[in-house]
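Here is a short briefing on one protein model. Look at the sequence and the 3D view before reading on.

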Amino acid sequence: MKHSLTTIALGALLLSQSVLAGLYSSKDNVIDITPKNFQAEVMDSNHVVMVEFYAPWCGHCKNLVPQYKAAAKNLNGIAKMAAINCDDDTNKPLCGQYGIQGFPTIKIFPAKGKGGAKYPQDYQGERSARAIVDQLVKMLPNNVQLVSANPSSEKIINIDELAADTNSARAVLFTKKLTTSNMYKGLATEFKDRMVVAEMRAPSDEILTKYKIEKLPTLVVFPKGSEESTVFSGELKHEPIMELFNEYAGPANKKGSSAKSSPAASSTTTAPKPVVVEFNPNIDQVKTQEEFKKLCLSKDRGNCAIAFLIVEPEYEESLKLHEENLETLRQVKKKAHEAGKGLDVMWMDALDKRVVALKEQFQVSEDIPGLLLINPGKKAYVPFIGTFDVQGIEGWLSDASSGRARALAYKFEVSLEASKPIKDEL
């Protein structure tokens with residue numbers, strides 16, 4: 001069969017698009033995160049949000065896809081699942097801000113705390129749909145207002161007072177169940193700033209008659225400005241209730257996510273661009289524990305590359321070699337910065353007895369110059385294997401981030417001062 005040049009060109013275009021595309025589509029209930037929508041979909045959202053930082057070529061990322069999709073389908077309308085392609089040049093600065101070194105890295109952005117702040121945390125659980133769902137369900141915020149005819153707590157309000165408060169729309173679910181469903185929690189979170197979403201458990205016959213409830217469960221809505229309720233006759237499922245709430249709720253908060261959040265809609269959401277950090281060419285020497293903490297140990301995300309060097313100031317050749325080593329580290333640091341990867345690079349005096357003890361703790365070879373990669377947030381490290389040049393170090397870092405170089409865990413307190421002393425004797 002012959003193919004025209006147009007057909008071949010079209011096929012090539014489609015192929016190139018498929019290669020460049022990420023691992024998820026708009027049908028997967030996984031929001032495609034970019035610098036344009038990150039603020040709106042993640043930071044300004046009332047929901048708990050899980051974000052996978054991935055690269056399309058990553059084997060572990062591809063293996064995760066079915067589980068991640070299944071979890072997203074299960075959590076649709078309850079929590080938000082998102083993913084960002086860190087191999088896309090546009091996204092690299094954002095990935096770098098969060099110190100992403102290996103793929104996939106999964107972070108959870110919990111519901112907003114006091115002051116509206118969100119503090120991400122690494123997801124360390126199993127990478128299965130069940131484990132992901134269980135973890136996010138545990139972290140769900142409960143914005144459902146409990147109501148009763150006779151409140152027994154300050155957190156519970158009187159049903160008649162709720163009906164009389166016409167400042168905003170109110171929805172009340174009358175139910176036999178004594179616990180709130182995850183779906184209803186998700187709806188209450190989605191409409192948190194737009195209407196009151198309430199629940200009345202085990203209502204009395206008197207209440208059922210008063211509010212014209214014929215069966216349980218039943219959902220009623222009090223429109224804004226009215227004390228009269230309307231009984232919802234549709235299915236008590238997520239989409240029909242979303243439509244109902246959208247009809248009665250106040251306008252959506254522009255800073256937050258829309259009430260009808262979807263992967264397709266997310267691509268048009270505008271949010272502030274991430275802060276771009278200027279490159280710092282300095283390769284600082286670590287001499288004290290305070291400097292070690294400041295430059296590395298106090299960081300909750302990202303990696304620290306520590307070089308072990310020897311410099312003898314009285315010898316010109318030693319000074320020249322030392323500067324060459326620093327320049328090698330500087331180039332590695334700059335390339336990591338340009339790729340949007342968070343990497344702090346520093347050096348220690350390999351002749352310092354405290355440093356020698358530190359190297360022993362981390363099983364670093366006696367070769368000089370030497371290197372050690374530490375992730376303080378994950379309490380993991382990777383000793384250097386390779387040639388001390390730009391290509392060799394970058395290959396080592398690449399192996400560490402992809403999992404080809406095994407990361408080892410440590411449980412001890414990393415300290416120059418606390419390192420075991422080295423005896424000056426045979």
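The points below cover a sheet, the helices on it, and two arginines.

This is a predicted model. At its centre in this briefing is an open sheet of 6 strands. Helix H7 lies across part of that sheet, and helix H9 packs on the sheet too. Arg170 is buried, whereas Arg130 is exposed.

**The sheet**

- The strands run in the order S7-S6-S9-S8-S10-S11. Their pairing is mixed.
- Which strands form the edges? They are S7 (157-158) and S11 (230-231), and each pairs on one side only.
- Strand S6 covers residues 145-148, and strand S9 covers residues 196-201. S6 and S9 pair in the parallel sense, over 3 bridges.
- Val147 has Met200 in S9 as its bridge partner.

**The helices on the sheet**

- H7 (residues 182-190) lies across three named strands: S8 (170-175), S9 and S10 (218-222). H7 runs at about 150° to S9.
- H9 (residues 238-248) touches S8, S9, S10 and S11. The direction of H9 makes about 15° with that of S10.
- Is H7 mostly covered or mostly uncovered? H7 is mostly covered, with 7 of its 9 residues buried.
- The buried residues of H7 are Tyr184, Lys185, Gly186, Leu187, Ala188, Thr189 and Glu190.
- What covers these buried residues? The cover includes S8, S9, S10 and H9.

**Arg170, a buried charge**

- Arg170 sits in strand S8.
- Arg170 is buried, yet has no salt bridge. The nearest side chain of opposite charge is Asp165, 6.0 Å away. A salt bridge needs the charged atoms within 4 Å.
- Where does the side chain of Arg170 find a backbone oxygen? The backbone oxygen of Leu162 lies 3.1 Å from a polar atom of that side chain.
- Neighbours within four places in sequence are left aside here. Beyond them, Arg170 is in contact with residues including Leu162, Ala163, Met195, Val196 and Val220. Phe222, Pro223, Lys224 and Glu227 are also among its contacts.

**Arg130, an exposed residue**

- Arg130 belongs to helix H5 (residues 129-138).
- Why does Arg130 count as exposed? Its relative accessible area is 67%, and exposed means over 50%.
- Arg130 and Ala70 are 60 residues apart in sequence. In space, they are 8.7 Å apart, C-alpha to C-alpha.

Key
Residues numbered from 1 in each chain as written. Predicted model: local features only at pLDDT ≥ 70, side-chain atom pairs only at ≥ 80, totals over all residues. Heavy atoms only, no water. Pairing = 2+ DSSP bridges. Helix = DSSP H or I, 4+ residues; strand = E, 2+ residues; numbered from the N terminus. Contact = heavy atoms within 4.5 Å. Axes fitted to C-alpha atoms, helices over the stretch in contact; angles between N-to-C directions. Buried < 20%, exposed > 50% of the residue type's maximum accessible area, 1.4 Å probe, protein only. Lys, Arg positive; Asp, Glu negative; His and termini not counted. Polar contact = N/O pair within 3.5 Å; in protein donor to acceptor, adjacent residues only side chain to side chain.
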